[in-house]
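Reader: I should like to learn how to read a structural model of a protein, feature by feature. May we begin with a single residue and then widen the view?

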Amino acid sequence: MDRLNRYIRKTPNWLLYLIGAAYPAWLLYAAFSGGLGVDPVKAMEHALGKTGLQVLVAVLTISPLRRFAKINLISWRRALGVIGFAYILLHFLVWMVLDVQILSQVWADIVKRPYIIVGMVSLMILLPLALTSNNWSVRKLGPRWRKLHKATYLAVVLGGIHYLMQIKSFQYEPYVYLIVIVGLIALRRLPQKGAKQARKPSRPRPA
């Protein structure tokens, strides 16, 4: 496990960003080459949203993996968070610019469909998190940086709810995503063994 963690730490973040950028590029190529079916815009929109949610769920798994499996992916967390945000932002832009296209209709859809409002709130929460995912912001904000980035949990929960609300017929997959998201957040609330022992008062020794 130590060897795996060393390889993970040595992986440069630019490589993760390069891999992350390859997916939207492939979707664009597939859309123009007919690989996304009869409605490539919808297919690209859904693929970006779903993959963005998957990446953000992967971010939530990093702490449990380190705690329970001793796999340390902390060095990847910020890069994966930015990549997940980029996919969600592209998902929104494809919907607004390529799917709806008309600005007045965009507003009408937002008012008419509550799941869009939920998705936009999630996106707005992610925006400052993505903008502050750099070393300068960490130094500038200090302890406030960690508090700010705890909003990730709310954003991902809202993303799961957004996915669930837009399903018109029963499908198990959105429920699985939401259960996994809530479960991963709940895992963080479990007390650590060492911390629990530290809080346990010591019994007085008999005289």
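**Reading a predicted model**

Author: Lysine 70 is exposed, with a relative accessible area of 54%. Please keep in mind throughout that the model is predicted.

Reader: Why does lysine 70 count as exposed?

Author: The general idea is a cut-off: a residue is called exposed when its relative accessible area is over 50%. Lysine 70 is at 54%, and therefore falls in the exposed class.

Reader: Where is lysine 70 placed, and what is the sign of its phi angle?

Author: Lysine 70 sits in the loop between α3 and α4. Its phi is positive, at about 60°, although the residue is not a glycine.

Reader: Which residue in the loop between α4 and α5 might we read in this way?

Author: Glutamine 101 is placed in that loop, with α5 spanning 103–112. Glutamine 101 is not a glycine, yet has a positive phi of about 75°. Its relative accessible area is 57%, so glutamine 101 is exposed.

Reader: Is valine 100 buried or exposed?

Author: The cut-off for a buried residue is a relative accessible area under 20%. Valine 100 has 13%, so it is buried. This residue lies in helix α4.

Reader: With which residues is valine 100 in contact, leaving aside its neighbours within four places in sequence?

Author: Once those neighbours are set aside, the contacts of valine 100 are Trp95, Gln105, Val106 and Asp109.

Reader: How should I read leucine 56: is it buried or exposed?

Author: Leucine 56 has a relative accessibility of 5%, and because that is under 20% it counts as buried. Its place is in helix α3. Apart from neighbours within four places in sequence, leucine 56 is in contact with Gly81, Gly84, Phe85, Ile88, Leu126 and Val156.

Reader: How far apart are leucine 56 and serine 137 in sequence and in space?

Author: Separation along the chain and separation in space are to be read as two values. For leucine 56 and serine 137 they are 81 residues in sequence and 20 Å in space, C-alpha to C-alpha. For leucine 89 and glycine 52 they are 37 residues and 8.8 Å, again C-alpha to C-alpha.

Reader: In which helix does leucine 89 lie, and how is its accessibility classed?

Author: Leucine 89 lies in helix α4. Its relative accessibility is 31%, so leucine 89 counts as partly exposed, a class that runs between the buried and exposed cut-offs.

Reader: Let us widen the view. How many helices and strands does the protein have?

Author: There are 11 helices and zero strands. Of the 207 residues, 33% are buried. The C-alpha atoms fill a box of roughly 80 × 40 × 35 Å along the principal axes. Among contacts between residues at least 6 apart in sequence, 69% join residues at least 24 apart.

Reader: What can be read from the surface and from the charged side chains?

Author: The protein exposes about 13700 Å², and carbon and sulfur atoms supply 65% of that area. It carries 28 positive and 6 negative side chains, and the centres of these two sets lie 25 Å apart.

Reader: How does one find empty space in a model, and what is the volume of the largest pocket?

Author: Rolling a probe the size of a water molecule over the atoms shows where empty space is left. In this protein, the largest pocket has a volume of about 990 Å³. It is lined by 34 residues, of which Ser63, Arg77, Arg146, Tyr153 and Arg188 are the closest to its centre. The elements giving two or more residues to this lining are α3 (40–69), α4 (74–100), α6 (114–131), α8 (143–149), α9 (151–165) and α10 (172–189).

How values were computed. Residues numbered from 1 in each chain as written. Predicted model: local features only at pLDDT ≥ 70, side-chain atom pairs only at ≥ 80, totals over all residues. Heavy atoms only, no water. Helix = DSSP H or I, 4+ residues; strand = E, 2+ residues; numbered from the N terminus. Buried < 20%, exposed > 50% of the residue type's maximum accessible area, 1.4 Å probe, protein only. Contact = heavy atoms within 4.5 Å. Areas by Shrake-Rupley, 256 points an atom, 1.4 Å probe, with all protein chains shown as cover. Lys, Arg positive; Asp, Glu negative; His and termini not counted. Charge placed at Lys NZ, Arg CZ, Asp CG, Glu CD. 1 Å grid on protein atoms, 1.4 Å probe; cavity = no way out; pocket = protein on both sides within 12 Å on 5 of 7 lines; lining within 4 Å. Points joined across faces, edges and corners; volume = space filled by probe spheres on them.
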